[in-house]
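This briefing is meant to be read alongside the sequence and the coordinates. It begins with a metal site and then works outward to the elements and domains around it.

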Amino acid sequence: MRTLFRSPVLTVLTILLLPAVAAAQTLTPTEQKIRAWVAGHHEDQIAVLEKLVNQPSGTLNMAGVKAAGMIFKAELDALGFASRWIDMPAGMHRGGHLVAERKARIQNESAKRLLLIGHFDTVFEGEGQKFVRADSTARGAGTVDMKGGDVVMLYALKALHASGVIEQMDITVLITGDEEATGRPLDVARRDLIDAAKRSDYALSFEGGSYSQASISRRGSSSWRLTVTGRQGHSAGIFNNTYGAIYETARILNEFRERLVGEPGLTFNPGFIAGGTEAVADTSGYGYTVSGKTNIISPITHVRGDLRFITEAQKERARAVMREIVAKHLPGTQAQIAFEDSYPAMPLTAGGEFLIAQYDTVSRALGYPAIRAQDATTRGAGDVSFVAPYVAGIDGLGALGGGGHSPNEFVHLPTLGMQTARAAVLMLRLAGIRR
Ligand SMILES: [Zn+2]
């Protein structure tokens, strides 16, 4: 193999490659058309986003998730996609997913099959927050996470359709209805996404974006439930034969922090705690009614939290330490911890490096900043992680904004065009089309 790289061959290679590299940094006529089309449809794109945001779709609002999906489905059907809604089994209490496919009419040898990933659900339940536009931003649940990303994807597809190139592309769109709280069992909830990944070469995910970064590795996440009991009694007896459930819970959480904080890539967050004389969960399991008295030693606490990690080995090590801490008890108390897997870790791969290099070239060709890989510890987990074992993926192609998972969520509207043009040209080049 070594002889291949002797200088005459290298010179020929250099001559052959240089024009291709230079051409990649400029836009083809079709790519220029795409950029202009996107810029000319900015207000239409915002109107679709407004419609989607004003359809409340908290993860547990099954009818709302499906209604948001139907708005999107109609848009994809108009582009020639064959789409269907996949309901989840009733016991899972999730709205289901949209799958839409478009097969290439003209077979292109270097064509790669693309999987585009989004989600319709939002963290906020009930009515959520309505779309409110103010100057260059719009507020509302899902504006950036990730109905904003969904319309970046949609308008990239519309631009490819308007430019007449979509006919040559093999594209599967899979938009889940339960990204923010994945339904169980996971193998049912993510079966369609994983099946689509097995039929694809690259996965592009449209979670919140950035001017100069995208994600090619993401941390995995799992959840834990800690249940602590103590002997109920008169408060005057505390420290005699029992410390009660609340002191034992405090000891456990403090030792988690003392033993595990500082390991690179690892975080664990107790999201809520309920304890006292009584702590009764509601049907969602995320709300509790608590009562107690200052003169009663607490007999019960419940804590639920998450655990994020960069490798499966790190997850297992952290769980072992947490179990060990829970197994030691203050006098007169008992405690148990249970873990549940959620997102697997998405490690760095050569395929991911290729995708980010392509995205960087596209961004610069469009006159936008260079792109580098985002540090995996600075963002949460995502659906792209489920497909990581099957297909090279990139995430963070969606809208720019802030306040995700809070009532102050917003999208920065002028950046929709940048993200849409970058996504469309990336998709075109990955599909092997250069004209
Ligand atoms: Zn999201």
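Which residues coordinate the zinc ion, and at what distances? In this predicted model, the zinc ion is coordinated by NE2 of H119, by an OD atom of D145 and by two OE contacts from E207, at 1.8 to 2.7 Å. The protein chain around this site has 435 residues, of which 51% count as buried, and it is built from 12 helices and 20 strands.

**The zinc site**

- Along the chain, the donors of the zinc ion follow the spacing H-x25-D-x61-E. H119 belongs to strand 3 (residues 114–119), while D145 sits in the loop between strand 5 (137–139) and helix 5, so the pair ties together parts that are 26 residues apart in sequence.
- The angles subtended by the four donor atoms around the zinc ion run from 53 to 149°, which makes the arrangement irregular; a tetrahedral assignment would have required all angles to lie between 85 and 135 degrees.
- Both H119 and D145 are buried.

**Strand 3 and its partners**

- Strand 3, which carries H119, is mostly covered, with six of its six residues buried.
- In a regular strand the side chains alternate between the two faces of the sheet. For strand 3 both faces are covered, since L114, L116 and G118 on one side are buried, as are L115, I117 and H119 on the other.
- Strand 3 runs parallel to strand 6 (residues 171–176), to which six bridges join it, and within strand 6 it is T172 that stands opposite L115.
- Strand 3 also pairs with strand 7 (residues 202–205), in the parallel sense and over four bridges; here L116 stands opposite L204.

**Helix 5**

- Helix 5 covers residues 147–162, and its 16 residues reach 22 Å from the first C-alpha to the last, close to the 22 Å expected at 1.5 Å a residue.
- Of the 16 residues of helix 5, 14 are buried, so this helix is largely enclosed by the rest of the structure.
- Following helix 5 comes G164, a residue whose phi is positive, near 75°.

**A four-stranded open sheet**

- Four strands form an open sheet in the order 4-5-20-19, and their pairing is antiparallel. Strand 4 (132–134) and strand 19 (401–402) stand at the edges with a single partner strand each, so one side of each is left without a neighbour in the sheet.
- Strand 19 pairs with strand 20 (residues 410–412) over two bridges in the antiparallel sense, and the bridge partner of G402 in strand 20 is F410.

**Domains and overall dimensions**

- The protein chain is divided into domain 1, made of segments 24–218 and 346–430, and domain 2, made of residues 220–343.
- The C-alpha centres of domain 1 and domain 2 lie 37 Å apart, and the contact between them involves 13 residues of domain 1 and nine residues of domain 2.
- The C-alpha trace of the protein chain spans about 85 × 55 × 40 Å along its principal axes.
- Among contacts in the protein chain with a separation of 6 or more, 80% are accounted for by residues 24 or more positions apart.

**Two individual positions**

- S217 is placed in the loop between strand 8 (213–214) and strand 9 (220–230), and at 15% relative accessibility it counts as buried, because the limit for that class is under 20%. Not counting residues up to four places away in sequence, S217 touches M346, P347, L348 and A376.
- V425 is found in helix 12 (residues 415–430) and is buried, with a relative accessible area of 0%. Leaving aside neighbours within four places in sequence, V425 is in contact with E31, I34, V362 and L366.
- V425 and F256 are 169 residues apart in sequence, and their C-alpha atoms are 46 Å apart in space.

Methods
Residues are numbered from 1 along each chain as its sequence is written. This is a predicted model: local features need pLDDT of at least 70, side-chain atom pairs count only at pLDDT 80 or more; totals for chains, interfaces and linings use all residues. Side-chain values use heavy atoms; hydrogens and water are left out. The expected span of a helix is 1.5 Å times one less than its number of residues. Buried means under 20% relative accessible area, exposed over 50%, partly exposed in between (1.4 Å probe, protein chains only). Donors are N, O and S atoms within 2.8 Å of the metal (3.2 Å for Na, K and Ca); water is not among the atoms, so sites may look incomplete. Four donors count as tetrahedral if all angles lie between 85 and 135 degrees; four count as square planar and six as octahedral if opposite donors are over 155 degrees apart and all others between 65 and 115; anything else is irregular. Two strands pair if DSSP finds at least two bridges between them. Domain bounds come from an automatic or database domain assignment. Contact means heavy atoms within 4.5 Å.
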